[in-house]
Amino acid sequence: GVGSGNFDVTEAIAEALIALGPARDLSIATLNYDGLTLAGLMEMGTNSWGVPNYRIADLASGLSATTADIAPGVTLEGHWLRTFDDIPPDRAAVLNLHGYLGWLRDPDTGNVAKFKLEDLRMAGYWDLYAKGGTDWEPVVVLTDRKERATLEWPFSMAYVSFQQRLVDADHWLIAGYGFGDAPVNNLFKSALRARRRQRLGDPKVLVIDYGGERVRLRVRRALRE
């Protein structure tokens, strides 16, 4: 994950990811709520004329924008989340496994829309939410609810999509993850089992972390089948 407030770091990571290969071959799963990874990819995937030359998509449908009244006098433009993984195959996929601060649930329908964080800040959304001025709430997986929450949409959609992409991928790059989330570790294990059933062999796995015996033990436990 990318946790730094320094966007230069985010851009450097995004540039390194883009250098791995064509967009159609790249899927990125993130546990961060802040959207820095997606923002960095969009920034680095734009040429000097401001035109995107590296196609990217996430779990929000880009087919058409919608407007929503998230509070009295506050109308924002956003995009509804997909109900299944129909991300175009020619695009790099960014999967927010545990949600995103810009995902808000419509209290009337239960649907979830994605809004730009800057728009939410400009509208004073966070103050409104803290003071009970809006019923639209952020959609994220809280630490004490991971096992249950990840079985429900939209997180279940992200998990199913990530697992299939793990099965299809011959190379796994795992960076900044401490192997402390049981649901995520279970994805690795189930993907390994599926690859072996399909006689695809084990993927080449590169783990980037601080190192040390404790980390190596966690990696072995999470990836051993």
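User: Which residue's side chain meets that of Glu213 in a salt bridge?

Analyst: This is a predicted model, where local features need pLDDT of at least 70, side-chain atom pairs count only at pLDDT 80 or more, and totals for chains, interfaces and linings use all residues. Residues are numbered from 1 along each chain as its sequence is written, and side-chain values use heavy atoms, with hydrogens and water left out. A salt bridge is a side-chain nitrogen of Lys or Arg within 4 Å of a carboxyl oxygen of Asp or Glu. At 2.8 Å, N to O, the partner of Glu213 is Arg220.

User: Which residues are joined into one network by salt bridges that share partners?

Analyst: Glu213 has a relative accessibility of 46% and counts as partly exposed; buried means under 20% relative accessible area, exposed over 50%, and partly exposed in between (1.4 Å probe, protein chains only). Arg220 is also partly exposed, at 34%. Through shared partners, the network consists of Glu213, Arg216 and Arg220.

User: Is Arg195 buried or exposed?

Analyst: Arg195 forms a salt bridge with Asp170, with the closest N and O atoms 3.0 Å apart. The pair links distant parts of the chain, 25 residues apart: Arg195 is in helix α7, and Asp170 is in the loop between α6 and β9. Helices (H or I, at least four residues) and strands (E, at least two) are DSSP runs, numbered from the N terminus. Asp170 is partly exposed at 46%, whereas Arg195, with a relative accessible area of 1%, is buried.

User: What do the buried residues of α7 pack against?

Analyst: Helix α7 covers residues 182–197. Its buried residues include Pro183, Leu187, Phe188 and Arg195. They pack against α5 (146–149), α6, β9 and α8 (213–223).

User: Which helix gives the most to the largest nonpolar core?

Analyst: A nonpolar core is a set of buried Ala, Val, Leu, Ile, Met, Phe, Trp, Tyr and Cys residues joined through side-chain atoms within 4.5 Å. The largest has 46 residues, and Ile70, Trp103, Phe115, Leu120, Phe179 and Phe188 touch the most other members. With seven residues, the helix that gives the most to this core is α6 (residues 155–168).

User: How far apart in space are Pro138 and Asp106?

Analyst: Pro138 lies in strand β8, residues 137–140. In sequence, Pro138 and Asp106 are 32 residues apart. From C-alpha to C-alpha, their separation in space is 9.8 Å.

Technical notes: The expected span of a helix is 1.5 Å times one less than its number of residues. Contact means heavy atoms within 4.5 Å.
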